[in-house]
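Student: I would like to go through this structure term by term. Please show it first.

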Amino acid sequence: MERWSDFRSDTVTKPTEAMRRAMAEAEVGDDVLGDDPTVQKLEALAAEIMGKEAALYVPSGTMGNAVAVKVWTRELEEVIVEARSHIYNMESTHLTFISRVNPRPLPSRRGAMDPEDIARNIRQASVHTPRTSLICLENTHNNWSGAVIPLENMKATREVADRFGVKIHLDGARIFNASIASGIPVKEYAKLVDSIMFCLSKGLSAPVGSMLAGPKDFIDQARRVRKALGGGMRQAGVLAACGIIALTQMVDRLKEDHDRAKRLAKAIAELPGIILNPEEIETNIVIFGLNHPRWSIPAFLEELKKRHILALPVSRGIRFVTHKDVNDEDIDRAIEAFQQLLSF
Ligand code: TLP
């Protein structure tokens, strides 16, 4: 059967051979009872890599973000989020559904909110208004085409947060992509926030799981909230073993994904109907608009599918994501299809 070129997401990556072996050999225990050595090893490794006191293994990025918001906030409070952020748009409203806090979405420049704009939007509690208790950041920013949020912007946001006594949570689902693209160690980003969530199951290719890292008392409480949400996992060492490989063997190769995304972006940006500035592609996500007399977005995606090329529609167009399981041939094949379908 002809190969599928699957650009829908870096979440589609399959575990590596080394991960399969590690799963088979993993030492396990009951993690809810606190005795799975492989989960403990992964949590200690994650905390060390991020320079935080402790870390917690969670089943998904969404649960990691949901748990963090729940621990940092209370009812009658408000959380500042970026308008296009994943936490605000793509996580089934857990801010209101689970934490019962009010989201306050702010505009940004390619995912980076203006720290003074944040300052202006922080509210002290009154009988009329909620108290702002948390700022959520996202780096890299998925819906801004994988943009890297500059460290300087995060530093300035930290100053604002400290001025007003507000916490910062970072959705760092792809923080290793940010680090590889910028050359800045993940610890430098993590140092500027109170908690960070990052995913093992995206470009790092683990089958399941994300990490939440932060201060010890925060993680202690997060562990209780994870259990309350049904996220306590028993012999999870089988999965955590893959997470250890993700963190120790899979980070450096993210550069290949970035290079392929750039090559794809440069090649298609020149074609009729494509709305894309390839200079803006910094990591592994290519989002572009399509305005072509022959194609609607659904019809174009359907035609690509007939050619065994998969991508996803997003609010501003189409998203292609590069990852371990797409190679140079897949990129060539996609470029060729674009050329055939869009040229006059
Ligand atoms: N993003 C998924 C989809 O939900 C869109 C993807 O394919 O990109 N934060 C960010 C920035 C994310 O991109 C995602 C997943 C999450 C959190 C949630 O992670 P999971 O899927 O593990 O709950």
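**Contacts and terms**

Tutor: An oxygen atom of the ligand is 2.9 Å from an N or O atom in the side chain of Asn142. The model is predicted, so local features need pLDDT of at least 70 and side-chain atom pairs pLDDT 80 or more, while totals for chains, interfaces and linings use all residues. Residues are numbered from 1 along each chain as its sequence is written, and side-chain values use heavy atoms, without hydrogens and water.

Student: What makes the pair of Asn142 and the ligand a polar contact?

Tutor: A polar contact with the ligand is a pair of N or O atoms within 3.5 Å. The value for Asn142 is 2.9 Å, so the pair qualifies. Thr62 also has a side-chain N or O atom 2.6 Å from a ligand oxygen, and a polar side-chain atom of Asp171 lies 2.6 Å from a ligand nitrogen.

Student: Which residues around the ligand come nearest?

Tutor: Of the 16 residues around the ligand (a heavy atom within 4 Å), Ser9, Gly61, Thr62, His86 and Asp171 come nearest.

Student: Why is the pair of Arg333 and Glu2 called a salt bridge?

Tutor: The term requires a side-chain nitrogen of Lys or Arg within 4 Å of a carboxyl oxygen of Asp or Glu. In Arg333 and Glu2 the closest N and O atoms are 3.2 Å apart, so the pair meets the rule. Arg333 lies in helix α14 (residues 328-342) and Glu2 in the segment before β1 (5-6), so the salt bridge ties together parts 331 residues apart in sequence. Helices are DSSP runs (H or I, at least four residues), as are strands (E, at least two), numbered from the N terminus. The count by this rule is 29 salt bridges.

Methods:
Polar contact = N/O pair within 3.5 Å; in protein donor to acceptor, adjacent residues only side chain to side chain.
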